Amino acid sequence: MTRHDRLSQWTDCVSSNLPHLTKPQATLLALWSFGIAWKRSCGRSTAATFLALLLQQPLANLAQRLYECCLDAKDKAGKKRTSLDGTLCFVPLLRSLVSLWSSEQIALTLDATSLGDLLVVLAICVVYRGCALALAWTILPSGQKREWRREWLRMLRVLRPAIARAWTVLILPDRGLYARWLFRRIVRLHGHPFLRIKAGGICRPEGRAPFVWLGDLVNQIGQRWRARGTAFASPECRLDSTLVAWWGEGHAEAWFVLTDLSPEGCDAHWYGVRGPSEQAFKCTKSGGWQWQQRHMTDPARLARLWLAMAVATLWMITLGSDLELGRSEDWPELPELRALLGLERTRRPRRLRLFRLGWLWLLVQLMQQQPVPLPRRLVPEPWPDIPERLDSCIHHQKALAYAYM
């Protein structure tokens with residue numbers, strides 16, 4: 001198989017997953033993401049040089065094509081030029097992921113990251129097997145005083161149609177992103193908010209007159225609380241919801257989470273599902289595509305760069321997932337990774353993140369003159385089980401009831 005055949009395979013994959021793109025746009029996005037994946041760098045010069053050597057084409061031509069891929073239509077020479085709108089790719093990207101998903105449960109996280117004091121990136125990510133994939137993002141200049149409410153709501157509204165309403169969609173913002181408007185909008189979009197709040201607040205459990213301090217509900221390691229009620233006392237903040245709380249072993253404090261799920265259908269330690277969300281930013285920066293070394297500061301151009309990185313990241317994580325899941329009747333050519341790495345003799349389930357594992361598998365396949373491995377399946381890990389309430393917690397709840405009567 002020639003290098004052109006492999007690149008054509010990847011171009012066809014990008015085109016089929018992003019069918020709204022024109023052929024030149026899909027080809028350029030495939031070229032750029034292919035170069036990013038191979039060289040583990042999102043720099044245009046690095047990608048253009050790699051592609052020039054691979055395709056035996058003039059470097060100047062490829063560099064100019066990648067450069068124009070970042071530009072707005074008005075900044076390009078010639079007539080009938082179009083700009084690549086990354087926001088129109090959010091839904092097709094998520095739909096391509098959902099088409100590979102083997103479950104009807106999915107967890108989305110809301111996070112913000114920064115590039116020094118220049119830029120702020122708001123991103124919605126999908127959590128998957130210890131990793132996270134950014135599938136919607138907004139890039140803003142840093143230092144400008146503005147609310148992020150409009151950006152978060154827009155991205156949530158855009159993404160939601162890509163997931164069937166029958167699915168359970170858990171949305172877990174970062175701890176600092178709690179807001180009543182966010183909770184209510186998530187519910188209106190048929191998602192399930194899971195918003196962590198500070199321990200210094202108060203709530204009124206259902207069926208009780210007075211408000212109680214959150215810290216009185218769970219004040220010892222190992223305790224749990226799950227009940228309907230009203231959070232916060234002030235009218236502008238008050239919210240009827242389910243409060244779940246848990247103080248886990250090794251944690252400095254208890255977790256207090258507000259959700260619309262029933263008390264019997266969730267637990268506070270589900271908030272730990274969002275733990276891998278930082279991996280999405282690590283993949284874009286020092287752990288992957290080296291975004292922090294770029295000199296580009298225009299938010300619109302950077303948003304298009306993020307699109308190329310998102311396509312490459314989804315590719316690497318799906319390849320790593322294939323290796324971790326192992327061979328099956330449909331894919332007998334996959335090696336038995338656990339046997340090769342000795343994982344069957346240890347409790348440690350994962351030595352390498354899926355991102356790095358996928359990149360290594362891509363290198364091996366191409367060095368062996370094999371076809372380009374393409375995304376095939378995504379099998380998420382199940383969410384944590386819902387434990388029964390501890391007896392000590394039940395007694396503690398009864399004691400609180402008498403104390404506040």
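Begin with helices α2 and α4, which are roughly perpendicular to each other. This is a predicted model.

**Stop 1: α2 against α4**

Select residues 23–39 for α2 and residues 59–69 for α4; the two helices pack at an angle of about 110°, with their axes 10 Å apart. An angle from 65 to 115 degrees counts as roughly perpendicular. To see the contact, show side chains for Thr27, Leu28, Leu31 and Trp32 on the α2 side, and for Arg65, Leu66 and Cys69 on the α4 side. Sorted by class, this contact has 5 nonpolar residues, 1 polar and 1 charged.

**Stop 2: α2 against α10**

Keep α2 selected and add α10, residues 299–325. Here the axes come within 9 Å and cross at roughly 60°, which makes α2 oblique to α10. The crossing is right-handed. From α2, pick Leu29, Trp32, Ser33, Phe34, Ile36 and Ala37; they meet Leu305, Leu307, Ala308, Met309, Val311, Ala312, Trp315 and Met316 of α10. The class count for the contact of α2 with α10 is 13 nonpolar, 1 polar and no charged residues. Trp32 of α2 is worth labelling: this residue is listed in the contact with α4 and also in the contact with α10.

**Stop 3: the loop before α2**

Step back along the chain to Thr22, in the loop between α1 (3–17) and α2. Is Thr22 buried or partly exposed? Its relative accessible area is 37%, so Thr22 is partly exposed. Now add Thr82 and draw a C-alpha to C-alpha distance: Thr22 and Thr82 are 9.6 Å apart in space and 60 residues apart in sequence.

**Stop 4: helix α5**

Select residues 90–100. This is α5, a mostly covered helix in which 9 of 11 residues are buried. Colour the buried positions: Phe90, Val91, Pro92, Leu93, Leu94, Ser96, Leu97, Val98 and Leu100.

**Stop 5: salt bridges**

Side chains of opposite charge can pair when their charged atoms come close. How many salt bridges does a search of the whole structure find? The search returns 10.

Take Arg129 and Glu324, whose side chains form a salt bridge at 2.9 Å, N to O. Arg129 sits in the loop between β2 (119–128) and β3 (131–141), while Glu324 belongs to helix α10, so this pair ties together parts that are 195 residues apart in sequence. Arg129 counts as buried at 14% relative accessibility, and Glu324 is buried too, with a relative accessible area of 15%.

Next, centre on Glu253. Its salt bridge with Arg175 has the closest N and O atoms 2.9 Å apart. The pair links distant parts of the chain, 78 residues apart: Glu253 is in the loop between β9 (239–246) and β10 (255–259), and Arg175 is in the loop between β4 (168–173) and α7 (180–188). Glu253 is partly exposed, with a relative accessible area of 31%; for Arg175 the value is 31%, which is partly exposed.

Without moving the centre, add Arg196. The side chains of Glu253 and Arg196 meet in a salt bridge of 3.4 Å, N to O. Arg196 lies in strand β5 (residues 192–197) and Glu253 in the loop between β9 and β10, so the pair joins parts 57 residues apart in sequence. Arg196 is buried, with a relative accessible area of 11%.

For the last selection, show Asp111, Asp174 and Arg274, which are joined into one network by salt bridges that share partners.

Definitions and conventions
Residues numbered from 1 in each chain as written. Predicted model: local features only at pLDDT ≥ 70, side-chain atom pairs only at ≥ 80, totals over all residues. Heavy atoms only, no water. Axes fitted to C-alpha atoms, helices over the stretch in contact; angles between N-to-C directions. Helix = DSSP H or I, 4+ residues; strand = E, 2+ residues; numbered from the N terminus. Parallel < 35°, antiparallel > 145°, perpendicular 65-115°, else oblique. Contact = heavy atoms within 4.5 Å. Nonpolar A, V, L, I, M, F, W, Y, C, P; charged D, E, K, R; others polar. Buried < 20%, exposed > 50% of the residue type's maximum accessible area, 1.4 Å probe, protein only. Salt bridge = Lys/Arg side-chain N within 4 Å of Asp/Glu carboxyl O. Left-handed = near helix turned anticlockwise from the far one by under 90°.
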